[in-house]
Amino acid sequence: GYGLEALSEAMILALPEEARFEAARALMRAQEGRVRIGNEIVQACTAVSVTVGLTPIPFSDMVLLGPLQAMMVSSLAYLSGRSWGKKTVAEWLGSLGVVGALGMGLRFSAQTIAKLVPGAGNVVSAGVAGAGTTAMGQSAIKYFLRR
């Protein structure tokens with residue numbers, strides 16, 4: 001088994017960027033490669049979230065961050081090779097628990113309130129958006145990719 005894991009990891013690293021995602025999904029033994037690509041997805045989504053959080057328009061982040069984070073979690077679920085059905089969604093939401101759901105609601109509230117303060121509110125909102133996206137992404141990585 002160890003030889004196949006090392007070969008799978010080496011194949012993923014040798015492929016061009018465009019092919020790594022699908023290769024990591026196809027090569028079941030490349031768990032570290034999947035986690036590495038999952039972290040890249042989370043980092044990219046966090047960068048976009050921070051940019052959205054910097055916009056001075058109240059409620060704009062609620063409209064944009066929800067779909068962005070849903071796409072991020074869907075990508076991580078797809079990368080894991082699991083089907084993204086109602087059962088998987090329910091299991092992942094269950095792993096977040098009440099604390100995670102409450103945290104998401106409080107995060108959106110804090111961002112909206114922070115945007116009412118000119119200048120500094122945008123920086124706070126960007127930090128909250130980035131931290132929230134990273135936390136959600138790491139939760140999805142732990143659930144889908146690090147069983």
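Student: How far apart should the end C-alpha atoms of helix 4 (residues 60-80) be at 1.5 Å a residue, and what is the span in the model?

Tutor: This is a predicted model, where local features need pLDDT of at least 70 and side-chain atom pairs count only at pLDDT 80 or more, while totals for chains, interfaces and linings use all residues. Residues are numbered from 1 along each chain as its sequence is written, and side-chain values use heavy atoms, without hydrogens and water. Helices here are DSSP runs (H or I, at least four residues) numbered from the N terminus, and the expected span is 1.5 Å times one less than the number of residues. Helix 4 has 21 residues, so 30 Å is expected, and the end C-alpha atoms are 31 Å apart.

Student: Are helix 3 and helix 4 roughly parallel or antiparallel?

Tutor: Good one to check by eye! Axes are lines fitted to C-alpha atoms over the stretch in contact, with angles from 0 to 180 degrees between N-to-C directions. The two helices pack at about 175°, with axes 10 Å apart. Angles over 145 degrees count as roughly antiparallel, so helix 3 and helix 4 are roughly antiparallel.

Student: How do the residues of that contact divide into nonpolar, polar and charged?

Tutor: Contact means heavy atoms within 4.5 Å; among the residues involved are Ile 41 and Val 42 of helix 3 and Leu 68 and Met 72 of helix 4. Ala, Val, Leu, Ile, Met, Phe, Trp, Tyr, Cys and Pro count as nonpolar, Asp, Glu, Lys and Arg as charged, and the others, including Gly, as polar. The division is 13 nonpolar, four polar and two charged.

Student: Which residue follows helix 4?

Tutor: Look just past the end of helix 4 for a positive phi, near 90°. The residue there is Gly 81.

How values were computed:
Parallel < 35°, antiparallel > 145°, perpendicular 65-115°, else oblique.
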